[in-house]
Amino acid sequence: MSLFEVDGLRKNFGALRATDDVSLTVDAGQIHALIGPNGAGKSTLVNLISGLIAPDAGRVRLDGVDLTPLPMHARVRAGLSRCFQITSIFRQSTVMENLLLAAQAHAGSSLRFLGERNREAALRATADELAARVGLSHALDRIAGTLPHGAQRQLDVALALAARPKLLLLDEPMAGMGPEDSQQMTALIHELQRDMAILLIEHDMKAVFELADRISVLVYGRVLVAGSVDEIRGHPQVQAVYLGTEEVDA
Ligand SMILES: Nc1ncnc2c1ncn2[C@@H]1O[C@H](COP(=O)(O)OP(=O)(O)OP(=O)(O)O)[C@@H](O)[C@H]1O
């Protein structure tokens with residue numbers, strides 16, 4: 001049994017089948033990338049998995065737990081954390097304040113036996129640890145909205161990590177990034193893989209080919225083909241449908 005399983009997921013919008021019998025698995029420590037042309041149904045699938053919208057059929061399971069009937073916050077508690085295309089940071093607050101809020105939100109009842117000061121120290125330690133994890137220790141006092149775009153995305157990942165996910169859902173983490181930021185984010189995702197499974201939705205093919213253990217290609221809401229990087233890169237149907245004649249470096 002895989003850590004994460006999507007089984008026969010389906011979603012109709014009126015006559016349009018945006019998600020058509022999609023199944024995929026992600027094993028512990030694995031990065032599974034989801035690619036596909038615009039309108040293929042990637043966002044809909046991510047929304048179904050995170051619980052933002054309900055499927056017409058199919059199931060989502062994490063670590064043996066059926067997430068399908070659960071609302072979003074319960075899925076987060078069960079170990080599924082999501083980074084949004086549109087960042088969820090508080091732009092007017094400092095990096096530290098953002099991290100403290102996230103740490104507090106996910107601390108639950110674990111700190112209830114601590115006094116006020118110890119509780120604050122524990123939250124600060126968690127915030128420090130999250131900042132270090134994504135390479136933002138130098139920017140704790142910066143107002144989040146004034147950080148460069150790449151650093152804002154790193155902060156966004158740190159906020160998702162506060163939930164201590166078993167599966168991290170990354171929705172186009174490289175969007176709007178230049179090559180340098182993209183390279184840094186690739187290194188970060190690679191490092192995160194040691195501790196969690198990752199479902200990566202990404203247009204940056206260089207990053208996908210560098211990171212993915214497995215790739216599923218979504219076209220018209222269906223998985224056209226799934227396989228290893230080499231299988232996908234060399235697949236004639238994939239090249240025709242998705243990659244076109246574009247040169248793709250790895
Ligand atoms: N709430 C909705 N109501 C009706 N149709 C929708 C809705 N959400 C998405 N769709 C349609 O479902 C199809 C898949 O859309 P989706 O946004 O999931 O694709 P995508 O692969 O994420 O595209 P992109 O890469 O452009 O974000 C599209 O035809 C879209 O118009």
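I began with the ligand shell, which by class holds four nonpolar, six polar and one charged residues. I counted Ala, Val, Leu, Ile, Met, Phe, Trp, Tyr, Cys and Pro as nonpolar, Asp, Glu, Lys and Arg as charged, and the others, Gly among them, as polar.

I noted that this is a predicted model, in which local features need pLDDT of at least 70, side-chain atom pairs count only at pLDDT 80 or more, and totals for chains, interfaces and linings use all residues. Residues are numbered from 1 along each chain as its sequence is written.

I listed the residues around the ligand (C-beta atom, placed from the backbone, within 6 Å of it): F13, L16, A18, G36, N38, G39, A40, G41, K42, S43 and T44. Helix α1 (42-50) and strand β2 (16-26) each supply at least two of the shell residues; α1 gives the most, with three.

I then turned to the fold. The chain has nine helices and ten strands, taken as DSSP runs (H or I, at least four residues; E, at least two) numbered from the N terminus. Buried residues, those with 20 or more other C-beta atoms, placed from the backbone, within 10 Å of their own, make up 38% of the 250 residues.

I examined helix α3 last. V95, N98, L99, A102 and A103 are buried there. Seen down the axis of α3, the buried residues fall within an arc of 130 degrees (directions from the axis to the C-beta atoms), so they line one face of the helix. These buried residues pack against α4 (116-134) and α5 (149-161), with contact meaning C-beta atoms, placed from the backbone, within 7 Å.

Methods. Buried ≥ 20, exposed ≤ 12 C-beta atoms within 10 Å, placed from the backbone. Contact = placed C-beta atoms within 7 Å.
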